[in-house]
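Here are some notes for your reading of this model, set out point by point. Please keep the structure open beside them.

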Amino acid sequence: MHEASQTRLLRRIALVPLLMFSRWIVFTNSFEQSFCKSLFPAISKKSSVIPIGSSILPPDGAIVADWHDRKYIVFFGLIRPNKGLEEFLRFARLLRQHNGSAAIILIGKTTGKWKAYCSRIIHQARSVGIECMFGLDEGDVSALLRKSALGYLPFPDGLTERRSSVLALFAHGVAVISNTTDITPHTIREAVANAGSPEEAANIACHFLDHPQALRAMQEKSLSVAYEYSWKRIGRSYIDLYTSLVP
C-alpha cells in the first residue's frame, strides 16, 4: 500500500476490508503504515515496510563516467499544484543573483487537467532562464540527470521515502536539497541538505557551487542511499517476506 492518508473518504472505506482481512500488508513507507495503524491497531502484527525504488535508472556503469561534466541544477517531477514548483522558481531567482550563468533545468510531465497551470509555470520559468523539458522518455531523463550536479525538490508535507523523484536523483548521484521533517527516514535525512525555504536552499546551492569537494561529498551520499532503495534489494525483501509466509 503506497498511500492511504491522502485518499478520499470512499477510497478509505474501500480499504477497510483489505486492512481487516489481509494476511499481511506491505506498506511502501512508514508514514502510511503509522496512519493505518492509527485506524486499525491490529495491523501492527501483520504489516511491514518495503520501500519503492526509482523507475528511472542509469545504464549499468554509466553513473560516474565524469563528475566534472555535471553542470545542471535540476527540478524533476510532476508539473501540478502542491509539488513545490513555486518554491523552485523562487530558489532559481535567488540563485541567479549569485550565479547568473547557472544552467537550471526543469524536467517534468503533466496531464491535460493541469495544462493551464503548466503553461504558467513554463512562462515563469523561462523568464528567469530555466530550460523546460517535458514529455521525455526514461532514457532521455536519465541522460539529463547524469549531467546534473544538484537538485532542489521541496515538498509541502516534507520529504519521505515515497517521493520517487528524489529516489531518481539518488540513483543518478545528484546532490539533493530538500525539506526534511520528523517523518523523513534517517537514511534519507543523512543524505540530503535540509532547507526549510527557497532562500535557505539558494544559500546551500551557492555553497556547493563554490566548494566542489562539498558538492562531491553530497553526490556520493546520494549514491550510497540509492542502494537502500535499489530494486535488487527491494526484490530480495519481497522474496524473504513471501518465503516467511509460506506454511
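The points below cover the basis of the model, its nonpolar cores, one helix and two backbone angles.

1. This is a predicted model, in which local features need pLDDT of at least 70 and side-chain atom pairs count only at pLDDT 80 or more, while totals for chains, interfaces and linings use all residues. Residues are numbered from 1 along each chain as its sequence is written, and side-chain values use heavy atoms, with hydrogens and water left out.

2. The largest nonpolar core (buried Ala, Val, Leu, Ile, Met, Phe, Trp, Tyr and Cys residues joined through side-chain atoms within 4.5 Å) has 63 residues, of which Phe91, Ile130, Phe170 and Ile177 touch the most other members. Its largest share, 7 residues, is supplied by helix H3 (residues 85-98), and a second, separate core of 8 residues includes Leu15, Ile25, Phe27 and Cys36.

3. Helix H6 (residues 164-171) has 7 of its 8 residues buried, where buried means under 20% relative accessible area, exposed over 50% and partly exposed in between (1.4 Å probe, protein chains only). Helices (H or I, at least four residues) and strands (E, at least two) are DSSP runs, numbered from the N terminus. The cover over the buried residues of H6 includes strand S7 (175-178) and helix H9 (212-228).

4. Phe170, one of the buried residues of H6, is in contact (heavy atoms within 4.5 Å) with residues including Val176, Ile188, Leu223 and Ala226, its neighbours within four places in sequence being left aside.

5. Asn82, in the loop between strand S3 (72-78) and H3, has a positive phi of about 65° although it is not a glycine, and Asn82 is exposed, with a relative accessible area of 63%. Gly173, which follows H6, also has a positive phi, near 70°.
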